[in-house]
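Me: Hey, I'm new to this one and would like a quick tour. Can I throw some short questions at you?

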Amino acid sequence: MNKPLSSALPAHRMALTLVTSNALAIAAVRSRLSFHLGRSFSSVATNAASNKMAKVGVVQMTSTNDLEANFQTCSRLIKEAAAEGVKLLCFPESFSFIGARMGESIEIAEPLDGPTMQRYCSLAREANIWLSLGGFQEKGPDDAHLCNTHVLLDNYGKMRNSYRKIHLFDVDVPGNMVYKESSFTTQGDTVVAEDSPIGRLGLTVCYDLRFPELYQMLRFHYQAQVLLVPSAFTKVTGEAHWEILLRARAIETQCYVIAAAQAGKHNEKRESYGDSIIIDPWGTVIARLPDRLCTGFAVAEIDLSKIDTVRTKMPISTVTFYCYNHLFLLFYCNLEGTIPESPESIFCSSVLT
């Protein structure tokens with residue numbers, strides 16, 4: 001029998017449950033989740049390690065329900081970034097489209113090999129730049145759903161990996177709107193990390209930011225060095241939590257964080273907070289636009305040797321190694337909304353079969 005997440009087990013019992021059931025529990029959770037590791041030993045990773053330094057850009061923009069206008073904005077920013085020597089340019093969630101009415105996003109959703117994404121592939125190839133395209137409206141499993149998909153393109157215009165948003169935004173924002181992303185979005189179930197010229201990337205989207213287990217897994221299981229957080233935070237939640245959460249994820253994982261943000265009013269009903277930023281592994285903001293609502297991009301150098309320095313001076317991995325497998329369980333519990341009563345229930349519960 002499972003207990004609701006709101007009535008958690010006492011800390012000592014949870015710790016005992018997690019510690020004593022690692023091997024079997026992880027096998028069970030792996031049957032529910034899948035993990036894309038990318039090219040762990042590819043030449044891309046080797047080159048990144050040898051170069052140590054690479055220039056990245058983080059975009060801030062105000063997307064609308066005009067696909068062509070959004071594309072032209074992205075095209076201009078890509079060309080400008082490439083001219084500045086940027087190797088990876090990161091766009092916010094819903095970069096290509098933000099609907100003005102209910103159901104509009106589903107109507108324009110396309111498969112990842114559809115014409116809209118192919119145009120962005122061409123931009124990456126022509127500009128010789130990697131692109132992080134966070135929150136693309138990928139056609140879902142049925143006519144009533146889409147997938148909120150973070151797509152990573154290399155400088156040849158090839159899709160290196162994609163991540164479907166796991167934590168969907170079902171929230172009643174105080175003094176604002178009620179959001180129910182799950183009503184039209186299919187939840188992802190795959191954790192994704194991928195090598196690139198700037199280091200090993202961990203792919204996430206927006207509301208994922210509030211769930212640190214995902215970022216811990218990306219760091220400690222999949223050796224992420226740079227965490228990508230394309231977002232469209234609301235004005236209310238952004239003012240309260242945006243920078244705090246991003247700096248926390250950077251500090252606790254000792255990774256760079258690149259957070260591209262939607263900004264300003266998209267239509268009469270929707271407004272985003274903005275403030276695209278890049279944060280180093282010590283939690284310091286090293287790049288942001290001068291105006292949190294303007295369209296443009298900020299640039300910073302990713303220095304992989306700084307990651308090594310921070311992790312050596314503050315060696316958290318040496319005292320948290322026993323927690324790595326536990327994160328699988330915590331992450332699974334977040335997805336399912338339950339906490340296991342006992343080790344046996346982790347293996348035998350019907351939700352795992």
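Me: Which residue lies over the face of Phe71?
Reply: That's Arg119, at 3.7 Å from the ring centre. Keep in mind that this is a predicted model.

Me: OK. And which residues do ring pairs link into a cluster with Phe71?
Reply: Phe91, Phe95, Tyr120 and Phe136 are linked with Phe71 in that cluster.

Me: How many aromatic pairs does a search of the whole structure find?
Reply: Eight. One of them is Phe91 with Phe95, a tilted pair with 6.4 Å centre to centre and 50 degrees between the planes.

Me: Are Phe91 and Phe95 buried or exposed?
Reply: Both are buried.

Me: What about Phe169 and Tyr207, why is that pair edge-to-face?
Reply: Their planes are at 70 degrees, and edge-to-face applies over 60. The ring centres are 5.0 Å apart.

Me: Where do those two sit in the chain?
Reply: Phe169 is in the loop between strand 7 (159–164) and strand 8 (170–172). Tyr207 is in the loop between strand 11 (199–203) and helix 7 (212–220). The two are 38 residues apart in sequence, so their pairing ties together separate parts of the chain.

Me: Buried or exposed, that Phe169?
Reply: Buried, with a relative accessible area of 16%. Tyr207 counts as buried too, at 15% relative accessibility.

Me: Switching topic: how many residues does the largest nonpolar core have?
Reply: It has 51 residues, and those with the most contacts inside it are Leu88, Ile198, Trp242, Leu246 and Ile258. Another core lies apart from it, with 25 residues, including Phe71, Leu112, Ala124 and Leu153. In soluble globular proteins, nonpolar side chains tend to be buried together.

Me: Now pockets. What volume does the largest pocket have?
Reply: About 890 Å³. It is lined by 40 residues, and the closest to its centre are Ser105, Met177, Tyr179, Phe184 and Arg270.

Me: Which elements give two or more residues to that lining?
Reply: Helix 5 (104–108), strand 5 (130–139), strand 6 (146–153), strand 9 (178–180) and strand 15 (271–273).

Me: And how do the lining residues divide?
Reply: Into 17 nonpolar, 13 polar and 10 charged.

Me: How many cavities of 30 Å³ or more are there?
Reply: The search finds two. The second largest cavity has a volume of about 30 Å³, and its lining consists of Leu67, Ser96, Ile108, Glu110, Thr116, Phe136 and Gln137. By class, that lining has three nonpolar, three polar and one charged residues.

Me: Back to Phe184. How many residues apart in sequence are Gly103 and Phe184?
Reply: 81, yet they are 8.0 Å apart in space, C-alpha to C-alpha. Gly103 is in the loop between strand 4 (88–91) and helix 5, and it is partly exposed, with a relative accessible area of 29%.

Me: Last topic, backbone angles. What is the phi of Ser94?
Reply: It's positive, about 60 degrees, although Ser94 is not a glycine. Ser94 is in the loop between strand 4 and helix 5 and is buried, with a relative accessible area of 9%.

Me: What about phi of Cys206?
Reply: Near 45 degrees, again a positive value in a residue other than glycine. Cys206 is in the loop between strand 11 and helix 7. At 7% relative accessibility, Cys206 is buried.

Technical notes. Residues numbered from 1 in each chain as written. Predicted model: local features only at pLDDT ≥ 70, side-chain atom pairs only at ≥ 80, totals over all residues. Heavy atoms only, no water. Phe/Tyr/Trp six-rings, centres within 6.5 Å; stacked < 30°, edge-to-face > 60°. Buried < 20%, exposed > 50% of the residue type's maximum accessible area, 1.4 Å probe, protein only. Helix = DSSP H or I, 4+ residues; strand = E, 2+ residues; numbered from the N terminus. Lys NZ or Arg CZ within 6 Å of the ring centre and 35° of its normal. Core = buried A, V, L, I, M, F, W, Y, C linked by side-chain atoms within 4.5 Å. 1 Å grid on protein atoms, 1.4 Å probe; cavity = no way out; pocket = protein on both sides within 12 Å on 5 of 7 lines; lining within 4 Å. Points joined across faces, edges and corners; volume = space filled by probe spheres on them. Nonpolar A, V, L, I, M, F, W, Y, C, P; charged D, E, K, R; others polar.
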